[in-house]
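Subject: The structure, and what was found in it

Dear colleague,

Here is the structure I promised to hand over. Please have it open while you read, since the notes below follow it part by part.

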Amino acid sequence: MQKKLLISTGGGDAPGLNAVIFAVVNSATRKGWEVYGSRSGYGGLIDRDDLMRLMPEDVEGILSQGGTILGSTNKGNPFAKPVENLAGEVQIVDISDKILANFNRMGFSCHVAVGGDGSLEIAHRFAQKGMPVIGVPKTIDNDLEATDRTFGFDTAVSTATDAIDKLHSTAKSHDRVMVVEVMGRDSGWIALYSGISGGADVILVPEIPFKLDSICAKISDNELHGKHYSIVVVAEGARAEDGEVINKGQGELGRSEVVLGGVGEWVANQIHQRLGKDTRSLVLGHLQRGGSPTTFDRLLALRFGAAAVRMAEAGIFDHMVAWVPPTMTAVPIAEAIRRRKKIDLESDKVLTARDIGICLGD
């Protein structure tokens, strides 16, 4: 019997999602399988209008495009979905049984779920209910422990590094401190990679609670050595040694995590108050999610997609494709989402930052 494969993209978008779709569609079609895409996460298993048949001609040309042709959502958890009742009240309901029943009724033999730890946790819960699921790791934050790298990260770092490069000239022209806030949630990978590559003076990451005195000392030291401007890169989840992570609250109904942001502006204000320096802050935000994926991310995404189809052929379910150089391997999803990958403070990258004089806030 011809296999029918379903692919969905969930969570925040990331450069390389379309490359995964491209690889899955072409790999599966060459095996004689039918491939369907579910719009907006599990939307295609709720409303048939959100289900689309995907042929190689449908994905021609999407390899280099950012975003995802299937759309994505970070507030579409089927196990806790906000639904408005007839009285206009919003209730949280579990529609997972309905989705699983529709999946089986439509005759799908496998679901390739592309997403970060939140999306993969949902996929794992469906696997426990009997859905044959294969996970593909997607997050610009690079914080999934089971895989050496996630696609989207390299592009996000390139975007952040390019922004930092451009800020050097304006900071130098005005003898100004520029504070750049980048994404990353509870991990500082984007901040560390882009900060080192972009020649930052200070890099603040969630793994190292920072001291304002240390930051100001580095900026003052720059002044003493004739450098009258400074670049500070701060991860959105960084916090002061005696403070809490700054956030904007829960955000839209249905989100499982608070919306981080604001630490860059706070750090900039503190520097200005303490040193009297002209200090400005910049939040790169969703710029890091957009644009065409780098060569590295395209190739990695294609490898993930093709490996997912090989796993489907072998009947390896409730597993995630992981890149453990030099090969792709299958890792239980439960193991992959057990905890987030943090920066090793003894790693060569951290040592390099310290050796070349970058302050890490401690």
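Before we come to how helices lie across strands, one term is needed: two parts are in contact when heavy atoms of one are within 4.5 Å of heavy atoms of the other. Please also keep in mind throughout that this is a predicted model.

The main sheet

Seven strands make up an open sheet with mixed pairing, and their order across the sheet is β3-β2-β1-β6-β7-β12-β13. At the edges are β3 (51-53) and β13 (327-332), each of which pairs on one side only. On average, neighbouring strands in this sheet are turned by 30 degrees against each other, if direction is ignored. At the β3 edge, strand β2 (residues 34-38) runs antiparallel to β3 and is joined to it by three bridges; if you would like to find one of these places on the screen, look for Tyr36, whose bridge partner in β3 is Arg53.

Two helices lie across this sheet. Helix α3 (residues 117-128) lies across β6 (110-115), β7 and β12 (319-324), and it runs at about 170 degrees to β7. Helix α8 (residues 295-314) lies across β1 (4-9), β6, β7, β12 and β13, running at about 135 degrees to β12.

Within helix α8 you will find Leu302, which is partly exposed, with a relative accessible area of 24%. Setting aside neighbours within four places in sequence, Leu302 is in contact with Ala19, Phe22, Ala23 and Leu63. Of these contacts, the one with Phe22 shows how the chain folds back, for Leu302 and Phe22 are 280 residues apart in sequence and yet 7.4 Å apart in space, taken from C-alpha to C-alpha.

A hairpin

Strand β4 (residues 81-84) pairs with strand β5 (residues 90-93) in the antiparallel sense, over four bridges, and Lys81 stands opposite Val93 in β5. The hairpin that β4 and β5 form has five residues between its strands, and Gly88 there takes a positive phi near 85 degrees.

Helix α7 and its two sides

Does the length of helix α7 (residues 263-275) agree or disagree with what its number of residues leads us to expect? At 1.5 Å a residue, its 13 residues should span 18 Å, and because the C-alpha atoms at its ends are 18 Å apart, the two values agree. The buried residues of α7 are Val263, Gly264, Val267, Ala268, Gln270 and Ile271. They cover an arc of only 165 degrees around the axis, and therefore they sit on the same side of α7. A general point helps here: an α-helix has 3.6 residues a turn, so residues three or four places apart point the same way. On the other side of α7, Glu265 and Gln273 are exposed. The buried residues of α7 are covered by parts that include β8 (177-182), β9 (202-204), α6 (212-224), β10 (230-235) and β11 (279-283). Just after α7, Gly276 takes a positive phi of about 75 degrees.

Salt bridges

The structure holds 13 salt bridges. In one of them the side chains of Arg340 and Asp143 meet, with 3.6 Å from N to O. Arg340 lies in the loop between α9 (333-336) and α10 (348-355), while Asp143 lies in the loop between β7 and α4, so the pair ties together parts that are 197 residues apart in sequence. Is Asp143 buried or exposed? Its relative accessibility is 3%, and because buried means under 20%, Asp143 counts as buried. Leaving aside neighbours within four places in sequence, Asp143 is in contact with Ser187, Arg339, Arg340 and Lys341.

A second salt bridge joins Asp162 and Lys166, whose closest N and O atoms are 2.8 Å apart. These residues are four apart in helix α4, which means that about one helical turn separates them. Asp162 is partly exposed, with a relative accessible area of 38%, whereas Lys166, at 53%, counts as exposed.

Asp362 also forms a salt bridge, with Arg354, and here the closest N and O atoms are 2.7 Å apart. Finally, salt bridges that share partners join Asp117, Asp143, Asp186 and Arg340 into one network.

With best wishes

Methods:
Residues numbered from 1 in each chain as written. Predicted model: local features only at pLDDT ≥ 70, side-chain atom pairs only at ≥ 80, totals over all residues. Heavy atoms only, no water. Buried < 20%, exposed > 50% of the residue type's maximum accessible area, 1.4 Å probe, protein only. Pairing = 2+ DSSP bridges. Axes fitted to C-alpha atoms, helices over the stretch in contact; angles between N-to-C directions. Expected span 1.5 Å × (residues − 1). Arc of directions from axis to C-beta. Salt bridge = Lys/Arg side-chain N within 4 Å of Asp/Glu carboxyl O.
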